[in-house]
Amino acid sequence: MNGDLAFGVFSIGTGSKSRGLTGQSSHGKRGMVSMSQSKAPHAAPLSEIRMDNFKRKINLLGSTGSIGTQTLDIVEERPENFEVEALAAGSNVEMLVEQAVKFDAKMVCVRDETKYSELKEALESAGWKGDVVAGEQGVVEAARYGDADVVVTGIVGCAGLLPTIAAIESGKDIALANKETLIAGGPVVVPLLKKHNVNMTPADSEHSAIFQCLQGRHDGTLLQKILLTASGGAFRDWKAEDLKNVTVQDALKHPNWDMGAKITIDSATLMNKGLEVIEAHYLFGVGYDDIEVVVHPQSIIHSMVEFGDTSVIGQLGWPDMRLPIVYALTWPYRLDMKYDRLDLVKLGSLTFREPDRKKYPALDLSYAAGMTYSLLLATPFASSAFPE
């Protein structure tokens, strides 16, 4: 791996002139793939691992949201493989208490400090014993709590940044479901991962797909570009001129995925996909010119990578968020999950189209924002290098 490309979480770059966290340009060379990010979470080789003995302890942030409840679905299905240490939620005390009792969590946090007394009393009435905390600092404490192996960051927005940093500094792996962590804090987070020898695995479908497509690639493999797929969201089949009549309920009707309200709304405008472009830049160290968004209405191919020899590898599966979550928790291994198997004959066909940038202006806005931020990062390095 050439040093001037090693600015992503997974040290993967392309030949774009976009600058990365090192402030060094990668122009003049096609990208080289290196899956050299710190360590695998388990030392034993694949041939020596028995998955019935595989066990990871989890701190779960955002436990009552979409990512959180689906993570707990996985824990419930595979209790022999996963154990909950800490749970943190926003304000849903009733559900949080149910989760704490059911999964025998050792710490519980409610971010809304006004709910602390209600939570504590409800837990005591349920016979639960453990640590109870609240507020933003409480979420940070939950992130770094105990001897958990991995922290699932299912918190929405920039509120996930400080807890993620705390978890990294305490040596815990990150199953990243909070894209704002890298969008807002990539220049801080990526060096911390390497400093503390911590893994960050993507727990959203698109970045998990890219990550999976890159498994088994040898150092020096030429990477041409990333093909980031998008369903098109709730307004995929609407005409641009009709968008002035949409309602909130229209925007919340995602055609394929079962997600939280914010990400569903962001998907309707492709704002979410634009943010995923920036996240892909930081995760994989790929220049923005080499990340292409393609609308794929069926949401079966979750993303693809193209290599220098023109081969394209994609990851396929039904639109089910449990799939990327479980891989983020078990990488580099795979558990046998009793989900519906993909049936291509039943599916019939897969289609693709170019995104309508008039209808989805947020997409170009995200590219511009990402490239501007990269330029701001690179400018101090360029200025200091000029006299030399």
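**View 1. The largest cavity has a volume of about 50 Å³.** The model is predicted. A search of the whole structure finds 2 cavities of 30 Å³ or more. The lining of the largest cavity is made by 10 residues. Nearest its centre lie Ser205, His302, Gln315, Leu323 and Pro324. Two elements, α7 (205-213) and α11, each give two or more residues to this lining. Helix α7 supplies the largest share, 3 residues.

**View 2. Helix α7 is largely enclosed by the rest of the structure.** How many of the residues of α7 are buried? The count is 9 of the 9, so the rest of the structure largely encloses this helix. To be buried, a residue must have under 20% relative accessible area. The buried run begins with Ser205, Glu206 and His207. Ser208, Ala209 and Ile210 are buried too. So are Phe211, Gln212 and Cys213. Which elements cover these buried residues? The cover includes the strands β8 (200-202), β9 (221-230), β11 (301-307) and β12. It also includes the helices α10 (271-284) and α11. Helix α11 thus appears in the cover of α7 and in the lining of the largest cavity.

**View 3. The second largest pocket holds about 460 Å³ of space.** Its lining has 20 residues. Leu323, Arg334, Met337, Tyr339 and Arg341 lie nearest the centre of this pocket. Two elements, β12 (312-316) and α11 (322-330), give two or more residues each to the lining. Which element gives the most? Helix α11 does, with 6 residues. Look for Leu323 in both places. Leu323 is among the residues nearest the centre of this pocket, and also among those nearest the centre of the largest cavity.

**View 4. Strand β2 pairs with β3 and with β6.** Strands β2 and β3 run parallel, joined by 6 bridges. Within this pair, Leu60 stands opposite Leu87 in β3. Strand β6 (residues 150-153) also pairs with β2 in the parallel sense, over 4 bridges. Here Leu61 stands opposite Thr153 in β6. In a regular strand the side chains alternate between the two faces of the sheet. Is β2 enclosed or open to the outside? In strand β2 (residues 56-61), 5 of the 6 residues are buried, so the strand is largely enclosed by the rest of the structure.

**View 5. A helix links with two strands in a right-handed β-α-β unit.** The unit is made of β2, helix α1 (residues 66-77) and β3. Its two strands are the parallel pair of View 4.

**View 6. Glu85 is buried in strand β3.** Strand β3 covers residues 82-89. The relative accessible area of Glu85 is 2%. That value is under the 20% cut-off, so Glu85 counts as buried. Which residues does Glu85 touch, leaving out those up to four places away in sequence? One group is Lys57, Ile58 and Asn59. Another is Ala105, Lys106 and Met107. The rest are Tyr145, Gly146, Asp147 and Ala148.

**View 7. The whole protein sets the scene for the close-ups.** The protein has 13 helices and 12 strands. Of its 388 residues, 52% count as buried. Among contacts with a separation of 6 or more, 70% join residues 24 or more positions apart. The accessible surface comes to about 16,900 Å². Carbon and sulfur atoms account for 53% of that surface.

Note on methods. Residues are numbered from 1 along each chain as its sequence is written. This is a predicted model: local features need pLDDT of at least 70, side-chain atom pairs count only at pLDDT 80 or more; totals for chains, interfaces and linings use all residues. Side-chain values use heavy atoms; hydrogens and water are left out. Buried means under 20% relative accessible area, exposed over 50%, partly exposed in between (1.4 Å probe, protein chains only). Contact means heavy atoms within 4.5 Å. Accessible areas come from the Shrake-Rupley method with a 1.4 Å probe; for residues, only the protein chains shown count as cover. Two strands pair if DSSP finds at least two bridges between them. A crossover is right-handed if, with the strands pointing away from the viewer, the path from the first strand over the helix to the second runs clockwise. On a 1 Å grid over the protein atoms alone, a cavity is a set of points where a 1.4 Å probe fits but cannot get out, and a pocket is an open set with protein on both sides within 12 Å along at least five of seven lines; lining residues have an atom within 4 Å of a point. Grid points are joined across faces, edges and corners, and a volume is the space filled by probe spheres set on the points.
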